[in-house]
Amino acid sequence: MRVPITKELNLEDLKSILEREHSGLKCTWRGKKVLIVSDPAVSKSAAAQVMAGKKKATIVEAFSTVGGQMLFFLFVLLLGIMIPFIIYLIAFKPKQKVICNKVADVVRAHYGATEVV
């Protein structure tokens, strides 16, 4: 999901805000420009991936580790596309969506437009 922002989004600041306001969230880096936010209380494998742009923040569903992502890709190779896709939609997608919405709310609150139109 793309969240429009009015202030510049610094991922290091966002990481400190998330860890301060939501003590259960775990933030890790995947490269220099990608922040992975996971909530072990919801799921150990579900996470949200946050990337900063000039006028928007992109928050998408992701796996919390690269190993988990590769394991899912291995299942896609071994079992075909349909069975892993159904398992993904039932087991992983709802939990990932919960974490994405939680992160998007924090981004909107701290970096979004504060004006009421």
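Two residues are in contact when heavy atoms of theirs lie within 4.5 Å of each other. Keep that idea at hand as you look at this predicted model. Take the contacts in the chain between residues at least 6 apart in sequence: 56% of them join residues at least 24 apart.

Now let's trace the chain itself. You can find three helices and five strands in it. Following the sequence, you meet them in the pattern β-α-β-β-β-β-α-α. Along the principal axes, the C-alpha atoms fill a box of roughly 50 × 30 × 25 Å.

What about inside and outside? The chain has 117 residues, and 33% of them count as buried. On the outside, the chain exposes about 7,500 Å², with carbon and sulfur atoms supplying 63% of that area.

Next, turn to a pair of helices. Two packed helices are described by the angle between their axes and the distance between the axes. Here, helix 2 spans residues 66-79 and helix 3 spans residues 82-111; they pack at an angle of about 140°, and their axes are 7 Å apart. Because of that angle, helix 2 is oblique to helix 3; an angle would have to be over 145 degrees to count as roughly antiparallel.

Which residues make the contact? Helix 2 brings Phe72, Phe75, Val76 and Leu79, while helix 3 brings Ile83, Pro84 and Tyr88. Try sorting the residues of this contact by type: how many are nonpolar, polar and charged? Seven are nonpolar, and there are no polar and no charged residues in the contact of helix 2 with helix 3.

Conventions
Residues numbered from 1 in each chain as written. Predicted model: local features only at pLDDT ≥ 70, side-chain atom pairs only at ≥ 80, totals over all residues. Heavy atoms only, no water. Axes fitted to C-alpha atoms, helices over the stretch in contact; angles between N-to-C directions. Helix = DSSP H or I, 4+ residues; strand = E, 2+ residues; numbered from the N terminus. Parallel < 35°, antiparallel > 145°, perpendicular 65-115°, else oblique. Nonpolar A, V, L, I, M, F, W, Y, C, P; charged D, E, K, R; others polar. Buried < 20%, exposed > 50% of the residue type's maximum accessible area, 1.4 Å probe, protein only. Areas by Shrake-Rupley, 256 points an atom, 1.4 Å probe, with all protein chains shown as cover.
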